[in-house]
There are 2 protein chains.
Amino acid sequence: MSEAANDTVRLLWGPPAKPTRGPKPALTLERIAAAGVEVADAEGLGAVSMQRVAGLLDFTKMSLYRYVPGKAELIALMVESAVDEPPRPADGADWREQLSAWAVHLAATFARHPWLLDATVGPRVVGPKELTWLERVVAALDGHGLTGPERMDAAVLLAGHVRGIAEQSRAAGPAGSPEAELLTVLDTVVRRHADRYPAVAAAMADPGGRDQALDFGLERILDGLAALIERRTRQT
Amino acid sequence: MSEAANDTVRLLWGPPAKPTRGPKPALTLERIAAAGVEVADAEGLGAVSMQRVAGLLDFTKMSLYRYVPGKAELIALMVESAVDEPPRPADGADWREQLSAWAVHLAATFARHPWLLDATVGPRVVGPKELTWLERVVAALDGHGLTGPERMDAAVLLAGHVRGIAEQSRAAGPAGSPEAELLTVLDTVVRRHADRYPAVAAAMADPGGRDQALDFGLERILDGLAALIERRTRQT
DNA sequence: GAAAACTGTGTCCAGCGGACACTGTTTGCT
DNA sequence: AGCAAACAGTGTCCGCTGGACACAGTTTTC
């Protein structure tokens, strides 16, 4: 195993501390992660630098390296710190209700910490809380005739959808924000080139709330899963 | 409209050139974008810097700023340059076949240029080719009883799935790569904490190819859309 | 009491995106 | 024909980044 991956695993999964000899550390991984989250929440992941985080804690940036091997690991800790515990399945909830609640809760997490979208692109080591999300969705699908890989694929499908929606709703942003402006830019561009993009232009001209995207995709996915499950259980 | 957004729109959508008075430019936006793509293909988006791209063209980095206002715009050009034209719908293909081909082709694009995943996170201005992808998917769903917003939501749903799959298959990576190692790390972690993640552990222990993820999600989504379309058309 | 182990600091470096002043070239206008 | 405006590419400079390293101060163990 590579050094970096090993370090990250130890940080995320390893024992919380070990008594040592020298002076007592003035900081904790939790405080450092929280400071990073604070910066990212306020100004985005791009504003997170060692300097910035250390300054928020009234320390020098190099002192952070006593706790964290590098910036990548810091961000991994921030992710693990910002991610919620997934919702516990309600008593008597069937798989569909469980997955629906799961998706809504995950979308809320992304809404609370939009930088999670940036922090979770690319291959990386996942932490315990993040893995618990996967556990819940796979568990909800247990015993309905799906194979192991199929249950994992279903999880990827759901997570991908929530991610896509979160990305889209971040692109909307609060009114007056630079993000919101991009929507009017898109609108202008599409209207100006309506001949090249007639279907998009027509679809965008249609009235109707645009805030149903999460539910829309969710219902389609769940319908598709239900069809498969019904086929499998009937066949057995 | 903000300056930055305006500049990007002009670069991506504006007229290709305008005759001027001074010396003739030695470079073109196309060559610059191609150089950027070359670097990103070889070493990832992180390796793309003004210095690097300029060096590949045997120019100084500052000369690039004569063509491109900043790095963000360079990356926008790279995206537009790397993205394929979406497949033209085959004659007589129904909506389901069209969307299926669309998704497979998009996944192939991500596989060819994995850095596109990094370059397309966050709010940004989309280019003509990128918008053509949206056009195709919305057009394929025309005339099946879906509202405009629903057609757009379906597009987001499909794109989100393909993205999720591309992310996952990048995390796998070629054998021996640092990415592939992360899979064994995940495997180890899950096995070591099998008591906390029994469902995931069981699902991962199940045999079976893991390369069906794209098709699996795609079929579920298309089944879900088919159910909605059938409901709508029957009702009319 | 001495040595070992550890924390936090200061200094240094290469690389980044970008501002700006500058030289040299090409063009259109008078 | 000549000149001035407009433009291309270069070199220098700045602030910031992540990180290496040596060092001083503190605490524990032998």
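**Exercise 1. Describe the surface near DNA strand C by residue class, and then find which residues and helices build it.**

Solution. Begin with the classes, where Ala, Val, Leu, Ile, Met, Phe, Trp, Tyr, Cys and Pro count as nonpolar, Asp, Glu, Lys and Arg as charged, and the others, Gly among them, as polar. Sorted in this way, the surface near DNA strand C holds nine nonpolar, eight polar and six charged residues. A residue is near a strand if its C-beta atom, placed from the backbone, lies within 6 Å of it.

This is a predicted model, in which local features need pLDDT of at least 70 and side-chain atom pairs count only at pLDDT 80 or more, while totals for chains, interfaces and linings use all residues. Residues are numbered from 1 along each chain as its sequence is written, and chains are lettered from A and ligands numbered from 1 in the order in which they are written.

Next, look for the nearest residues: of the 23 around DNA strand C, these are A:Gly22, A:Ala26, A:Met62, B:Ser49 and B:Gly70. Finally, turn to the helices, which are DSSP runs (H or I, at least four residues) numbered from the N terminus. Helix H4 (61–64) of chain A and helix H3 (50–56) of chain B each supply at least two residues of this surface, and H3(B) gives the most, with three residues.

**Exercise 2. Work out how helix H8 of chain B and helix H9 of chain B pack.**

Solution. Take the axes as lines fitted to C-alpha atoms over the stretch in contact, with angles running from 0 to 180 degrees between N-to-C directions. The axes of H8(B) (residues 128–140) and H9(B) (residues 148–172) come within 9 Å and cross at roughly 120°. H8(B) is therefore oblique to H9(B), since angles under 35 degrees count as roughly parallel, over 145 as roughly antiparallel, 65 to 115 as roughly perpendicular and the rest as oblique.

For the residues, use contact in the sense that two C-beta atoms, placed from the backbone, lie within 7 Å. B:Leu134, B:Val137 and B:Val138 of H8(B) then meet B:Arg151, B:Met152, B:Ala155 and B:Leu158 of H9(B), and this contact has six nonpolar, no polar and one charged residues.

**Exercise 3. Determine how chain A and chain B are related.**

Solution. Superpose the copies by least squares on the C-alpha atoms of residues with pLDDT of at least 70 in both. A turn of 180° with a shift of 0.0 Å along the axis lays chain A on chain B with an RMSD of 0.0 Å, which means that the relation is that of a two-fold axis. The same surface serves both copies, as 100% of the contact residues of chain A recur in chain B.
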